[in-house]
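Welcome, and please open your viewer before reading on. We will go from stop to stop, with something to select at each one.

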Amino acid sequence: GETLASLEASPGVLSAHIYTGDGRLFASYWRDEAGDVPAPLAVADGRIEAYTLGLGGVVLTRRIEIDGNTIGVISIRATVQALYDRLITYSAIVAFVVVVSLGAALFVSRVAQRTISRPLGALAAVARRVAHQEGTAARAETDPGAPEEIASLVHSFNEMLARVESRERALRQARELLEQRVEERTAALNASNKELEAFSYSVSHDLRAPLRHVVGFASLLEQHVGASLDPRGRRYLTTMVDAASRMARLIEDLLAFARLGRASLSLQRADLGQIVSEAQAETMPAAADRRIEWNVGELPVVYADPSLLRLVMVNLISNAIKYTGTRDVATIEVG
């Protein structure tokens, strides 16, 4: 009670109460007449105090701890009138400072308008006229009575325009030279591609006839002397026919590639499912004596060249048939 009574020295404190650990009132202090004793504020776990602020004042509740153990709480209610009075005083000071600052700013702005803003405004008008003329070829001019600083600024502006104009001219020349070189390289590349296509077409076309002769005469030789050949000779003859047949297929592929290089795309709606079915039917004779399980999923309709896409599918399925030849039962999936 004596400790709480010492709060008489603080005019803002209206009342104070000490409660025991179980919430019972232990001691009280009232500046004016005693009233109802309020319940202390709940202090959250892990915190040492809690407070509320309202029109009636501020209430602060704090734990009383000894050796880390809470033995009670103290609750103090104080008025905030002194804070309001101080706030009013500070507001008046701020208002006075703002008024003085506005007056000073107005005075400085009028002085700056006469000495700085008007010349800069004239320079801005010149810059707008330059911007609306024909690019960087235009130049700014100054009045004879303009300040020295503004004249220097306009001179620097004109120098900047001259440098930009020079760089644009050099860039335009470099771009024209680059375009010329690209056209020359493109023409040379097109000529090389045409020569390569013509060479591949000519080679593949001229080699097909001799290979057909090799395969044909090898077959006639097998029919003519087949019975008199020993197993080694028959194996030699079979190897020769197989090699010539593979060479013929390679030449056919080269010829097809040469034709493909000269073909133009004919884009249209193409059913991938139908194209895969046609490619599957075309490659099935090569796997007539094979056991193959086909798993073809749902395929979309695409926008492409059907003939070129069919060639792609034939090649892919042919490779699938070829490289699964070592398996008793092969599984080929298209999805």
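Is Asp22 buried or exposed? Asp22 is exposed, with a relative accessible area of 55%. For this label and its relatives, buried means under 20% relative accessible area, exposed over 50%, and partly exposed in between, using a 1.4 Å probe and protein chains only.

Two notes on the model before we move on. This is a predicted model, in which local features need pLDDT of at least 70 and side-chain atom pairs count only at pLDDT 80 or more, while totals for chains, interfaces and linings use all residues. Residues are numbered from 1 along each chain as its sequence is written, and side-chain values use heavy atoms, with hydrogens and water left out.

**Stop 1: the whole protein**

Show the cartoon. The secondary structure comes to 6 helices and 9 strands; helices (H or I, at least four residues) and strands (E, at least two) are DSSP runs, numbered from the N terminus. Buried residues make up 19% of the 335 residues in the protein. Switch on the surface, and the accessible area comes to about 24600 Å², of which 58% belongs to carbon and sulfur atoms. That area comes from the Shrake-Rupley method with a 1.4 Å probe; for residues, only the protein chains shown count as cover. Among contacts (heavy atoms within 4.5 Å) between residues at least 6 apart in sequence, 53% join residues at least 24 apart.

**Stop 2: strand β1 and its partners**

Select β1, residues 13-20. This strand is mostly covered, with 7 of its 8 residues buried. β1 pairs with β2 in the antiparallel sense over 5 bridges, and with β5, also antiparallel, over 7 bridges. Two strands pair if DSSP finds at least two bridges between them.

Now pick out some facing residues. Ile18 stands opposite Ala27 in β2, while the bridge partner of Tyr19 in β2 is Leu25. Toward β5, Ser15 stands opposite Arg77.

Next, select the turn. β1 and β2 form a hairpin with 4 residues between them, and Gly23 in the turn has a positive phi of about 95°.

**Stop 3: Ser75 in β5**

Select Ser75, which lies in strand β5 (residues 69-78). Ser75 is buried, with a relative accessible area of 6%. Leaving out residues up to four places away in sequence, Ser75 touches Ser15, Ala16, His17, Tyr19, Val59, Leu60 and Thr61.

**Stop 4: the salt bridges**

Side chains of opposite charge can pair when their charged atoms come close. The structure holds 4 salt bridges, each a side-chain nitrogen of Lys or Arg within 4 Å of a carboxyl oxygen of Asp or Glu. Here are some to select.

- Go back to Asp22 and add Arg24: they form a salt bridge, with the closest N and O atoms 3.0 Å apart. Arg24 is exposed, at a relative accessible area of 52%.
- Select Arg31 and Glu8, whose salt bridge has its closest N and O atoms 3.5 Å apart. The pair links distant parts of the chain, 23 residues apart: Arg31 is in the loop between β2 (25-30) and β3 (49-54), and Glu8 in the loop between α1 (2-5) and β1. Arg31 is partly exposed, with a relative accessible area of 23%, and Glu8 is partly exposed at 46%.
- Select Glu278 and Arg310, joined by a salt bridge with the closest N and O atoms 2.7 Å apart. This pair also links distant parts of the chain, 32 residues apart, with Glu278 in helix α5 (residues 272-283) and Arg310 in helix α6. Glu278 is partly exposed at 31% relative accessibility, as is Arg310 at 27%.

**Stop 5: Asp305**

Keep Arg310 on screen and select Asp305, in the loop between β8 (301-304) and α6 (306-323). Which side chain of opposite charge is nearest to Asp305? It is Arg310, 7.1 Å away; Asp305 is buried yet has no salt bridge. In this count Lys and Arg are positive and Asp and Glu negative, with His and the chain ends not counted.

What does the side chain of Asp305 meet instead? A polar contact of 2.7 Å joins the side chains of Asp305 and Ser307. Such a contact is a pair of N or O atoms within 3.5 Å; within protein, one must be able to donate a hydrogen and the other to accept it, and residues adjacent in sequence count only if both atoms are side-chain atoms. The backbone nitrogen of Ser266 lies 2.8 Å from a polar atom of the Asp305 side chain. To finish, display Ser264, Leu265, Ser266 and Leu267, which Asp305 touches, not counting residues up to four places away in sequence.
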